[in-house]
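Q: Could you take a close look at how the nonpolar residues are arranged in this one, inside and on the surface? I'd like the core first, then whatever else is worth a glance.

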Amino acid sequence: LPLQPPVSIQSIVVQVQCVNKKVGTVINHEVRIVVRDRNDNSPQFQQQRYHVAVNELTPVGTTIFTGFSGNNGAIDIDDGPNGQIEYVIQYNPNDKTSNRTFDIPLTLSGAVVLRERLNYEEKTRYFVIVQANDRAQNLNERRTSTTTLTVDVLDGDDLGPMFLPCVLVNNTRDCRPLTYQASLPELTDPARVNPISVTPPIQAIDQDRNIQPPSERPGILYSILVGTPEDYPQYFHMNLTTAELTLLKPINRDLHQKFDLVIKAEQDNGHPLPAFANLHIEILDENNQKPYFTRSTYEGYILESSPVGTTISDNRNLTSPLQVVVLDNDVEETKDPQLHLFLNDYTTFFTVTQSGITRYLTLLQPVDREVQQLYTFSMTASDGVQESVPVTVNILVIDANDNTPTFSNISYNVKIYTDMRPGEGVIKLTAVDADEGANGQIVYEILAGAQGHFTIDERTGLITIAPGVLLEVGRAYALTVRASDSAPPAQRRSSITTVYIEVLPPNNQSPPRFPQQMYSLEVSEAMRIGAVLLNLQAFDREGDPIKYLIQNGDPQQVFNLSQSSGLLALGKPLDRESTDRYILIVTASDGRPDGTSTATVNIVVTDVNDNGPVFDMFLPKNLSVQEEEANAFVGQVRATDADAGVNGQVHYSLANFKNLFRITSNGSIYTAVKLNREVRDYYELIVEATDGAVDPRRSTLTLAIKVLDIDDNSPVFTNASYTVYVPENLPPGTVFLQLEAEDMDLGADVNYRIRTEEARQYFALNKHTGELALRKSLDYESFSDAEATFTFLVEAFDSKGTMPPGLATVTVRVKDMNDYSPVFSQKLYRGMVAPNAVKGTLITTVSAEDKDPPGTPASLVRYKVDVVQFPYSASIFDVEENSGRVVTRVNLNEEPSTVFKLVVIAYDDGDPVKFNTTTVEIAVLQPSVIPRFTQDEYRPPPVSESAPKGTVVAVVTAAALNQTVVYSIVSGNEEDVFAINNRTGVISVKKPLDYESVQSYELRVQADSLQVVRSNLRVPSKSKCQKIL
């Protein structure tokens, strides 16, 4: 039997006739056969997919989708419970939070309710799997189908601005505290610096970046909230919309060295979640330019005989002084910059005048060219804050004739023989003069005692026998010999010696003779071992073999003298730093007792760069410096180099942290920038010392530098904003939020307080622990706005410090806790129904009210049937969820006079859900008391649009056994055009008709017995309502 459309046979009425064949009586009996449904159809959704867009600010408990109602959802063409649809949300493995975020509490309606707060910034789309199943009595026979509801989350204005750039804290959406930096020279005219350059530029954006339409997106307003020192408003102003910072008047650094401000960004729509950032403004010393020399190298000259106080000249002729010009752009060129000049070396020999644009170098102690001819050092200028680039100064010592030629001996004794021929050498005299040039060129002459028998070479000092002279045995001579330099006569210096000569008869016992009595040479300390330094070969006129020995002056046996050849060689390495001069007494002997002669060898060891700088380890290596102070003195190092000249000049540099520290030419270390202890509190600074050689030697020293703390940080909350939900009616003193802030400064004592004064009457903040508690109980119903919220500022401050407080925003959302349960208007409702009433027939209406605030989820009353107490009644009757209308769930086929009890539940959407119940008694009436119309349909003749009021249109007639019938129009007369006499059934025109507007009406008239009407009950049936066309 086809129960479902299009045939839809729900019942078959059979008339059975019984004939008594004996007596001929006939009895007719009507039998009704009801077709019961079999669950052979599954629910079918009318759309493949469903979609809804929901703003993230939608309150929890709101119904966000009703698209499954009516014919838009799933349809099951089965009858009764088999055709009833209920909806549930299934777990989606591809969107694991969807079934937790949404719910269908009223399964029969399919209305989707929000159960968890949405957050556009975390998730913008949900895929909710909705299952529709019928309500077959046997759970195993129930049929299901599914669809997907796509929920798009719309961005709402729930977040405040944030300053850029934003560096996120790990695993959060909060930005790290941001500090903007700016610097201004003191006493600067505002017109020269406005607008002030801030690094990075101040900018904030709304975190809700996709509010639609774009015209609804709020703007950002900027302001300076608080700052130190407190008179900052006299100096600075911030543009409300552009955040442009301007200087109002010049700042004297003697009064203010820095400003620490807290700036605020907030939306222009009154949104209560501002953002905060720090702004540090440094006031620079007026002196912010480095001094500089006009030349990179200076060449000076000084005569070695100059007295103390002599000014260094700029030429060899010593005609004009050396001018050192040093300038500072912080000072006008015509004014004395008042700089301090200091030398990195030879500070005991030279000094520089201490004032003026042009400075002069002067002599502090006499210099000796023969000791050191060239002085090279660097010079630096400082204004007390900035330091110039060092320049090189070379001072050459010009020779003065301050040394007298000097013989090695006061007198000499020489023996000669009668067989010596004219021109043969007697002795070679050597005098030494340390001067240079003409002052050091020696001329020899015999002043007396030669008697014409001897001559001397004026350049070499060799005394020879004069031509034509015959020597006589026993004669003796005493020659006075003078050695003079070649200086001008007025400056010429000389010395004399006496040479005693004895003439002996010829023999073969004369000792060997060295060519000269004095030998002088310079040897580099880098000379290789074995190198031949000098040929000391002597002459023995008899030709006897000669043996050479170093008699004195070489206790360490540094030199080797060949005994047979007289070649002097290097035997061990030289070290100028330990011994810079050797005077060797060398002998030449032919083996006879009186056959020995001597010579002197003067060896000067010259320097090579074989020593590196050595740091003074007695100076402290563990240093400290205070943070936030540029050009602060840290400490000093000192290194020495044992080498001579430029090889021994020490220069300092830094091997690391060059951007943070600087070192001067005298080894003083300063901070180059302001250090931040909170970023780094310890440095291992490597100082490098190099000498002045072309290929310099280096050494390093590591200094431990500890950065000392000052109060330069404000406390920072762990979150820039806090949002917390607080249930209403909690007792005073309840702690509902733990605030926490951290101050990076050492020894900080962080205290907390509520900054917004209006919030202090509701909330209390423990100043030591940061616990936020209720000062009084909160009542959701006392709020007039849609969302019961408090938004206020809290601050954390260092009780021992001077920095501005750290700020955070707290938003407290009061949660409605559903104070009231729904209350029915009656404890018992009654209704009547025809035994054959069709599905959806209205029986009665129940009504309940909830005293919770209107518009809140807790005030929304819904209805459902209690299927537990009277399960059969619940299977044939239902109540509409929103209206409370009690209707038939199926087409009825019940016995007359039967009374059913139905329990209806009224519940709200509050938290927790509260409910109440009532009972509905439904009586099934006898068919005879239900009025029946005489026609299934009435089609009266057309009526003219000009018909006057009161014109009769039609007459309807219904009858019931022993009942008075009452008529009423139940549909089709929404404009109240027609009227019906409730006793006679006469339908007449009540208002003018207009053909051009409406050409036809379809009225539905209902007939009720007067008994039912008086009981305020309606008994719908198949036959009591008729159409009138």
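A: Here's a walk from the core out to the surface patch, with a stop at the cysteines. Keep in mind that this is a predicted model.

Let's start inside. As general background, nonpolar side chains in soluble globular proteins tend to be buried together. The largest nonpolar core here has 30 residues, and the members touching the most other members are F163, I202, F236 and I281. Several strands feed this core with two or more residues apiece: β13 (179-185), β15 (220-228), β16 (236-238), β17 (245-247), β18 (258-267) and β19 (275-284). Top contributor is β19, which puts in five residues.

F236 is a handy one to zoom in on. Leaving out residues up to four places away in sequence, F236 has contacts with L184, I196, I224, L245, T246, L247, L248, I251, F259 and I281. One of those partners, I281, is itself among the core members with the most contacts to other members.

That isn't the whole interior story, though. There's a second core, separate from the one above, with 28 residues, including I427, A466, V481 and L504.

Now for the cysteines. The structure has one disulfide, and the pair involved is C166 and C175, with the sulfurs 1.9 Å apart. If you care about the torsion, the angle about the S-S bond is -100 degrees, making the C166 and C175 link left-handed. Neither end is buried: C166 has a relative accessibility of 24%, so C166 counts as partly exposed, and C175 is partly exposed because its relative accessible area is 24% too. Over at C18, the relative accessible area is 43%, so C18 is partly exposed as well.

Finally, the outside. Some nonpolar side chains gather on the surface, where L1, I12, V14, V16, V31 and I33 make up a patch with about 460 Å² of accessible area together. Two strands, β1 (11-19) and β2 (26-34), each provide at least two of the patch residues. The biggest share comes from β1, with three residues. From the other strand, V31 is a good example to click on: V31 sits in β2, and its relative accessibility is 32%, so V31 counts as partly exposed. Patch residues need over 30% relative accessible area, so V31, at 32%, clears that cut-off.

Notes:
Residues are numbered from 1 along each chain as its sequence is written. This is a predicted model: local features need pLDDT of at least 70, side-chain atom pairs count only at pLDDT 80 or more; totals for chains, interfaces and linings use all residues. Side-chain values use heavy atoms; hydrogens and water are left out. Patches are made of residues with over 30% relative accessible area and no salt bridge: like charges are joined within 9 Å, nonpolar side chains (Val, Leu, Ile, Met, Phe, Trp, Tyr) within 5 Å. Accessible areas come from the Shrake-Rupley method with a 1.4 Å probe; for residues, only the protein chains shown count as cover. A salt bridge is a side-chain nitrogen of Lys or Arg within 4 Å of a carboxyl oxygen of Asp or Glu. Helices (H or I, at least four residues) and strands (E, at least two) are DSSP runs, numbered from the N terminus. Buried means under 20% relative accessible area, exposed over 50%, partly exposed in between (1.4 Å probe, protein chains only). A nonpolar core is a set of buried Ala, Val, Leu, Ile, Met, Phe, Trp, Tyr and Cys residues joined through side-chain atoms within 4.5 Å. Contact means heavy atoms within 4.5 Å. A disulfide is a pair of cysteine sulfur atoms within 2.5 Å.
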